[in-house]
Amino acid sequence: MNDAPTVLFLCTHNAGRSQLGSHLFRHVAGDRAHATSAGTAPADGPSQPVVQALAELGIDSSGAQPRAVTADDLATADIVVAMKPGLQLPGPVAGQFVQWAFPDPASWDLDGVRELRDTILVQVEELVGVGRARTRMIQ
(Lines give C-alpha, C1' and ligand atoms only; values in the text may rest on other atoms or scores of the structure.)
Protein backbone atom coordinates (compact mmCIF):
# COMPACT_ATOMS: atom_id res chain seq x y z
CA MET A 1 0.00 0.00 0.00
CA ASN A 2 3.06 2.27 -0.12
CA ASP A 3 2.19 3.46 -3.62
CA ALA A 4 -1.42 4.29 -2.69
CA PRO A 5 -2.06 8.04 -3.07
CA THR A 6 -2.82 10.18 -0.03
CA VAL A 7 -5.87 12.43 -0.17
CA LEU A 8 -6.17 15.21 2.40
CA PHE A 9 -9.62 16.74 3.06
CA LEU A 10 -9.63 20.24 4.56
CA CYS A 11 -12.19 22.58 6.07
CA THR A 12 -12.14 25.15 8.82
CA HIS A 13 -12.95 23.16 11.96
CA ASN A 14 -12.24 19.58 10.81
CA ALA A 15 -15.44 18.60 12.60
CA GLY A 16 -17.94 18.33 9.76
CA ARG A 17 -17.20 18.66 6.04
CA SER A 18 -13.64 17.31 6.02
CA GLN A 19 -14.60 14.49 8.40
CA LEU A 20 -17.40 13.52 6.03
CA GLY A 21 -15.05 13.72 3.06
CA SER A 22 -12.26 11.62 4.52
CA HIS A 23 -14.49 8.94 6.05
CA LEU A 24 -16.65 8.64 2.94
CA PHE A 25 -13.53 8.49 0.79
CA ARG A 26 -12.09 5.61 2.85
CA HIS A 27 -15.45 3.86 2.61
CA VAL A 28 -15.54 4.15 -1.19
CA ALA A 29 -11.85 3.81 -2.10
CA GLY A 30 -10.92 1.05 0.31
CA ASP A 31 -7.21 0.30 0.10
CA ARG A 32 -6.72 2.05 -3.27
CA ALA A 33 -5.84 5.28 -1.46
CA HIS A 34 -5.25 6.73 1.98
CA ALA A 35 -7.48 9.55 3.26
CA THR A 36 -6.95 11.96 6.10
CA SER A 37 -8.45 15.27 7.18
CA ALA A 38 -7.50 18.46 8.97
CA GLY A 39 -8.70 21.99 9.60
CA THR A 40 -7.35 25.52 9.66
CA ALA A 41 -8.94 26.20 13.09
CA PRO A 42 -9.83 22.78 14.55
CA ALA A 43 -12.81 22.30 16.84
CA ASP A 44 -12.60 20.45 20.15
CA GLY A 45 -14.38 17.40 18.75
CA PRO A 46 -16.27 16.09 15.74
CA SER A 47 -19.84 17.09 15.05
CA GLN A 48 -22.13 14.50 16.61
CA PRO A 49 -24.69 14.71 13.77
CA VAL A 50 -21.81 13.97 11.38
CA VAL A 51 -20.76 10.95 13.47
CA GLN A 52 -24.40 9.76 13.46
CA ALA A 53 -24.84 10.31 9.71
CA LEU A 54 -21.71 8.29 8.96
CA ALA A 55 -22.80 5.54 11.37
CA GLU A 56 -26.00 5.16 9.34
CA LEU A 57 -23.77 3.97 6.48
CA GLY A 58 -21.83 1.62 8.74
CA ILE A 59 -18.87 3.99 9.07
CA ASP A 60 -17.47 4.36 12.59
CA SER A 61 -16.01 7.85 12.98
CA SER A 62 -16.51 8.04 16.74
CA GLY A 63 -12.76 8.08 17.40
CA ALA A 64 -12.03 10.93 15.00
CA GLN A 65 -10.33 13.94 16.54
CA PRO A 66 -10.10 17.28 14.73
CA ARG A 67 -6.54 18.43 14.09
CA ALA A 68 -4.74 21.36 12.52
CA VAL A 69 -3.43 21.13 8.97
CA THR A 70 0.35 21.42 8.74
CA ALA A 71 2.72 22.49 5.99
CA ASP A 72 3.97 18.89 5.95
CA ASP A 73 0.41 17.64 5.30
CA LEU A 74 0.20 19.92 2.27
CA ALA A 75 3.65 18.95 1.03
CA THR A 76 3.07 15.19 1.21
CA ALA A 77 -0.56 14.77 0.07
CA ASP A 78 -1.04 13.66 -3.51
CA ILE A 79 -4.46 15.34 -3.63
CA VAL A 80 -5.69 18.11 -1.34
CA VAL A 81 -9.45 18.66 -1.31
CA ALA A 82 -10.59 21.96 0.19
CA MET A 83 -14.21 21.51 1.21
CA LYS A 84 -14.54 25.31 1.34
CA PRO A 85 -12.91 27.79 -1.05
CA GLY A 86 -10.53 30.41 0.28
CA LEU A 87 -9.01 28.50 3.21
CA GLN A 88 -5.82 30.11 4.53
CA LEU A 89 -3.30 27.28 4.35
CA PRO A 90 0.01 27.10 6.25
CA GLY A 91 2.05 26.42 3.13
CA PRO A 92 1.93 25.51 -0.54
CA VAL A 93 0.09 22.47 -1.86
CA ALA A 94 2.56 20.14 -3.60
CA GLY A 95 0.03 17.78 -5.19
CA GLN A 96 -3.20 18.29 -7.05
CA PHE A 97 -5.49 20.89 -5.47
CA VAL A 98 -9.27 20.47 -5.69
CA GLN A 99 -11.79 22.96 -4.29
CA TRP A 100 -15.34 22.05 -3.45
CA ALA A 101 -17.88 24.44 -1.92
CA PHE A 102 -19.98 22.93 0.85
CA PRO A 103 -21.78 24.86 3.61
CA ASP A 104 -20.60 24.58 7.22
CA PRO A 105 -22.89 22.10 9.06
CA ALA A 106 -21.71 23.22 12.53
CA SER A 107 -25.22 24.01 13.80
CA TRP A 108 -27.14 21.46 11.72
CA ASP A 109 -29.24 18.57 12.97
CA LEU A 110 -29.00 15.02 11.68
CA ASP A 111 -31.53 15.56 8.88
CA GLY A 112 -29.50 18.42 7.43
CA VAL A 113 -26.24 16.53 7.75
CA ARG A 114 -27.72 13.50 5.95
CA GLU A 115 -28.36 15.62 2.87
CA LEU A 116 -24.83 17.05 3.01
CA ARG A 117 -23.39 13.55 3.53
CA ASP A 118 -25.18 12.26 0.45
CA THR A 119 -24.03 15.22 -1.66
CA ILE A 120 -20.42 14.81 -0.54
CA LEU A 121 -20.66 11.07 -1.22
CA VAL A 122 -21.45 11.78 -4.90
CA GLN A 123 -18.39 14.05 -5.15
CA VAL A 124 -16.20 11.46 -3.42
CA GLU A 125 -17.41 8.72 -5.77
CA GLU A 126 -16.45 10.90 -8.72
CA LEU A 127 -13.04 11.62 -7.19
CA VAL A 128 -12.42 7.91 -6.68
CA GLY A 129 -13.75 7.14 -10.15
CA VAL A 130 -16.71 4.96 -9.28
CA GLY A 131 -19.35 7.60 -9.96
CA ARG A 132 -20.21 9.39 -13.16
CA ALA A 133 -16.85 11.15 -13.26
CA ARG A 134 -15.39 12.22 -16.56
CA THR A 135 -11.87 11.60 -15.23
CA ARG A 136 -10.53 9.17 -12.68
CA MET A 137 -8.14 10.63 -10.11
CA ILE A 138 -7.56 7.48 -8.07
CA GLN A 139 -6.46 4.41 -10.06
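1. Let's start with S18 and its surroundings in this predicted model. Setting aside neighbours within four places in sequence, S18 is in contact with F9, L10, C11, S37, A38 and M83. The residue sits in helix α1. Its relative accessibility is 0%, so S18 counts as buried, the cut-off being under 20%.

2. Now for the helix that carries S18. Helix α1 covers residues 17-29, and its 13 residues should span 18 Å at 1.5 Å a residue. The end C-alpha atoms are 18 Å apart, which agrees with that expectation. Just after α1 comes G30, with a positive phi near 60 degrees.

3. How many of the 13 residues of α1 are buried? The count is 11, so the helix is largely enclosed by the rest of the structure. Here they are, if you would like to find them in the viewer: R17, S18, Q19, L20, G21, S22, H23, L24, F25, V28 and A29. As a reminder, an α-helix has 3.6 residues a turn, so residues three or four places apart point the same way.

4. What do the buried residues of α1 pack against? Two strands and two helices take part: β1 (6-11) and β2 (34-39), together with α2 (48-55) and α4 (110-128). Among the contacts of S18 listed above are F9, L10 and C11, as well as S37 and A38.

5. Strand β3 (residues 79-82) is worth a look next. I79 and V81 point one way from β3, while V80 and A82 point the other way. All four of these residues are buried, so neither face of this short list offers an exposed side chain by the cut-off of over 50%.

6. Which strands pair with β3? β1 pairs with β3 in the parallel sense over 4 bridges, and F9 has V81 as its bridge partner there. Strand β4 (residues 96-99) also runs parallel to β3, joined by 4 bridges. On that side, the bridge partner of V81 is V98. V81 is therefore a handy residue to click on, with F9 as a partner and V98 as another.

7. One last residue to visit is L87, which lies in the loop between β3 and β4. Is L87 buried or exposed? L87 is buried, with a relative accessible area of 13%, and the cut-off is under 20%. Not counting residues up to four places away in sequence, L87 touches L10, C11, T12, T40 and A82. C11 is 76 residues from L87 along the chain, yet their C-alpha atoms are separated by 7.3 Å. C11 also appears among the contacts of S18.

Methods
Residues numbered from 1 in each chain as written. Predicted model: local features only at pLDDT ≥ 70, side-chain atom pairs only at ≥ 80, totals over all residues. Heavy atoms only, no water. Expected span 1.5 Å × (residues − 1). Buried < 20%, exposed > 50% of the residue type's maximum accessible area, 1.4 Å probe, protein only. Contact = heavy atoms within 4.5 Å. Pairing = 2+ DSSP bridges.
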